[in-house]
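Open the model in a viewer and keep the selection panel at hand. The stops below are taken one at a time.

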Amino acid sequence: MPPSSRPRPRLRRATAWCGALGRATREALSVVSPVSCAGCRAPDVALCVDCRRRLAPEVTRVDLPDGLPVFAGLVYAFEVRGVVLAFKNGGRVRLAEALAPALAAALEGCARVVTAEAERADAGGGAAPDLPVLVVPVPPSRRGRRRRGYDPVDLVLRRLGLTVGRRVLVPTATAGGGQKGRDRQQRLRAREGSLRCTRDLGGLRVVLVDDVVTTGGTLLEACRAVRARGAVVVGAACLAATPSWSGSTA
């Protein structure tokens with residue numbers, strides 16, 4: 001038998017040993033830091049096929065009390081809610097990649113509104129305001145940022161490769177903290193004066209971006225802050241909206 005074709009027992013033993021070591025390492029890690037699907041909690045997978053399919057964008061439009069159109073890429077319920085919470089509060093930052101298409105679809109909804117307004121102005125013989133559009137993310141509270149160590153909205157926007165108006169909005173010292181356990185009116189009151197615009201926005205159209213719209217209070221406060229500095233707010237885009245806010249399909 002030629003030397004090149006002879007069995008290599010040492011190589012086989014080394015390969016088997018490496019395989020056994022890899023399995024043992026994975027088993028040890030699964031005990032220390034078990035992996036489960038962010039949506040349905042299925043074991044041994046970060047995001048299962050079914051839950052990934054449920055993250056396919058399904059854009060809905062809702063309007064704030066002042067008429068501002070808000071586009072959401074997903075309905076914040078069931079497995080989608082689990083994925084968003086794991087991303088926002090569970091430290092699973094890699095989920096930004098899976099959630100990015102939903103926010104992209106919501107932003108496309110805002111873009112259609114801007115285009116439609118321009119077309120209506122042209123048809124009516126008027127001149128549509130030719131103002132630059134600035135994407136402005138709504139920041140988390142200071143407490144939320146400290147707890148997480150990152151800004152969820154900023155992560156998804158960066159995943160999309162978008163240039164945004166970073167730190168245009170900042171939380172104030174009087175920001176009202178967490179919203180859990182509060183009813184709609186309490187949430188709205190807690191948001192009043194919680195955001196401040198850091199620059200003059202005269203001559204700019206603004207699209208606001210947030211993670212989840214529940215009562216709409218955060219977006220209303222963001223609108224107030226940027227309008228106070230001269231912006232024309234044309235719409236808002238969110239990752240998801242709660243079922244009570246999920247209206248007509250865009």
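Start by selecting Arg147, which lies in helix H5. This is a predicted model. Arg147 is exposed, with a relative accessible area of 54%. Now add Arg142, Arg143, Arg145, Arg146, Arg167, Arg196 and Arg229 to the selection; together with Arg147 they gather in a patch of positive charge on the surface. Which helix supplies the largest share of this positive patch? Helix H5, residues 142-148, does, with five residues.

Next, select residues 152-159, helix H6. Six of its eight residues are buried, so H6 is largely enclosed by the rest of the structure. The buried ones are Pro152, Val153, Asp154, Leu155, Val156 and Leu157. At the N-terminal end, show Asp151 as sticks: this residue caps H6, with a side-chain oxygen 3.1 Å from the backbone nitrogen of Val153. Within H6, show Asp154 and Arg158, whose side chains meet in a salt bridge of 3.0 Å, N to O. The two are four residues apart, about one turn of the helix. Asp154 is buried, with a relative accessible area of 8%, whereas Arg158 is exposed, at 53%. After H6 comes Gly161, with a positive phi near 75 degrees.

Move on to Thr172, in the loop between strand S4 (169-171) and helix H7 (184-191). Is Thr172 buried or exposed? Thr172 is buried, because its relative accessible area is 15% and the cut-off for buried is under 20%. Add Gly193 to the view: its backbone oxygen lies 2.9 Å from a polar atom of the Thr172 side chain.

Select residues 217-227 for helix H8. Eight of these eleven residues are buried, so H8 too is largely enclosed by the rest of the structure. They are Gly217, Thr218, Leu219, Glu221, Ala222, Cys223, Ala225 and Val226. Now show Arg227 with Asp66: they form a salt bridge, the closest N and O atoms being 2.8 Å apart. Arg227 lies in helix H8 and Asp66 in the loop between strand S1 (60-63) and strand S2 (69-75), so the pair ties together parts that are 161 residues apart in sequence. Arg227 is partly exposed, at 37% relative accessibility, and Asp66 is also partly exposed, at 40%.

The structure holds seven salt bridges. For another one, select Arg54 and Glu79, where the closest N and O atoms are 3.8 Å apart. This pair links distant parts of the chain, with Arg54 in helix H2 and Glu79 in helix H3, 25 residues apart. Arg54 counts as partly exposed at 39%, as does Glu79 at 23%.

Stay in helix H3, residues 78-89, and pick Phe78. Most residues other than glycine have a negative phi. Phe78, although not a glycine, has a positive phi of about 55 degrees. Phe78 is exposed, with a relative accessible area of 73%.

End in the loop between H1 and H2, at Asp44. Asp44 has a positive phi as well, near 65 degrees, and is exposed, with a relative accessible area of 69%. In the loop between helix H1 (9-32) and helix H2 (49-54), select Val45. Val45 is partly exposed, at 27% relative accessible area. Add Val35 for the last distance: Val45 and Val35 are ten residues apart in sequence and 6.0 Å apart in space, C-alpha to C-alpha.

Technical notes: Residues numbered from 1 in each chain as written. Predicted model: local features only at pLDDT ≥ 70, side-chain atom pairs only at ≥ 80, totals over all residues. Heavy atoms only, no water. Buried < 20%, exposed > 50% of the residue type's maximum accessible area, 1.4 Å probe, protein only. Polar contact = N/O pair within 3.5 Å; in protein donor to acceptor, adjacent residues only side chain to side chain. Patch = residues over 30% accessible without salt bridge, like charges linked within 9 Å, V, L, I, M, F, W, Y side chains within 5 Å. Areas by Shrake-Rupley, 256 points an atom, 1.4 Å probe, with all protein chains shown as cover. Salt bridge = Lys/Arg side-chain N within 4 Å of Asp/Glu carboxyl O. Lys, Arg positive; Asp, Glu negative; His and termini not counted. Charge placed at Lys NZ, Arg CZ, Asp CG, Glu CD.
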